[in-house]
Amino acid sequence: MQIEIEKLTEAGQPFAHTYAAGELSLEEEWARLLSEARIAGRVSRKRQRVHVSGTVEAEIEVSCDRCLKPTPVAVKSEFDVSYDPPDADEASENMELQPDDLATSVYAGERLDVDELVREQLLLALPARSLCRAECQGLCPTCGVDLNEKKCDCAQQEIDPRWAALAELKKKQ
Ligand SMILES: [Zn+2]
Ligand SMILES: [Zn+2]
């Protein structure tokens with residue numbers, strides 16, 4: 001979905017779109033849409049700056065952090081984003097001054113790409129860690145067996161790599 005920037009007004013207008021599950025790719029190998037994705041919000045323009053706010057929601061499949069099993073995660077996010085044209089000197093200066101300001105992006109051309117906005121917002125809203133279930137046992141770091149399904153004979157002496165480095169150091173002294 002694209003929104004024509006030229007036609008936007010300062011008062012703004014509501015917009016909404018529902019993407020069917022196969023309609024939008026998240027363009028990441030580790031995440032894909034499981035359900036339809038819904039976006040609804042309001043878009044306005046003041047001079048060259050476009051402002052979009054609203055909510056986006058979907059169910060996304062990622063890999064469990066411990067056992068890599070496909071795991072559904074429900075995501076619902078509120079966003080509030082501003083876009084500047086790529087040729088605005090002032091905009092690029094602002095971006096250099098505030099590299100951390102995620103809320104200002106640059107739009108290319110005459111249309112605002114809502115697909116890209118939805119993709120960005122959904123990926124941003126994903127939790128840093130996703131587990132298939134809280135008590136997931138994960139994979140054995142030695143043989144790779146899924147410890148949820150079977151036990152293995154590897155010695156249970158996993159050492160935190162930080163401690164291992166410390167032990168190494170002590171040996172040398
Ligand atoms: Zn798991
Ligand atoms: Zn093992």
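Contact is defined here as heavy atoms within 4.5 Å. The structure is a predicted model, in which local features need pLDDT of at least 70, side-chain atom pairs count only at pLDDT 80 or more, and totals for chains, interfaces and linings use all residues. Residues are numbered from 1 along each chain as its sequence is written, chains are lettered from A and ligands numbered from 1 in the order in which they are written, and side-chain values use heavy atoms, with hydrogens and water left out.

By this criterion, and not counting residues up to four places away in sequence, Val118 touches Tyr19, Leu24, Ala37, Ile39 and Val56. Val118 also belongs to the largest nonpolar core (buried Ala, Val, Leu, Ile, Met, Phe, Trp, Tyr and Cys residues joined through side-chain atoms within 4.5 Å; buried means under 20% relative accessible area with a 1.4 Å probe, protein chains only). Of the 31 residues in this core, those touching the most other members are Ile39, Val50, Val52, Ile60, Leu112, Val118 and Leu122. At least two core residues come from each of strand E2 (13-19), E4, E5, E6 and helix H2 (114-125), where helices (H or I, at least four residues) and strands (E, at least two) are DSSP runs numbered from the N terminus. The most is given by E5, with six residues.

Two loop residues were examined for backbone geometry. Most residues other than glycine have a negative phi. Arg47, in the loop between strand E4 (37-46) and strand E5 (49-63), has a positive phi near 50°. Arg47 is exposed (over 50%), with a relative accessible area of 74%. Leu68, placed in the loop between E5 and strand E6 (70-84), likewise has a positive phi, of about 70°. Leu68 is exposed, its relative accessible area being 56%.
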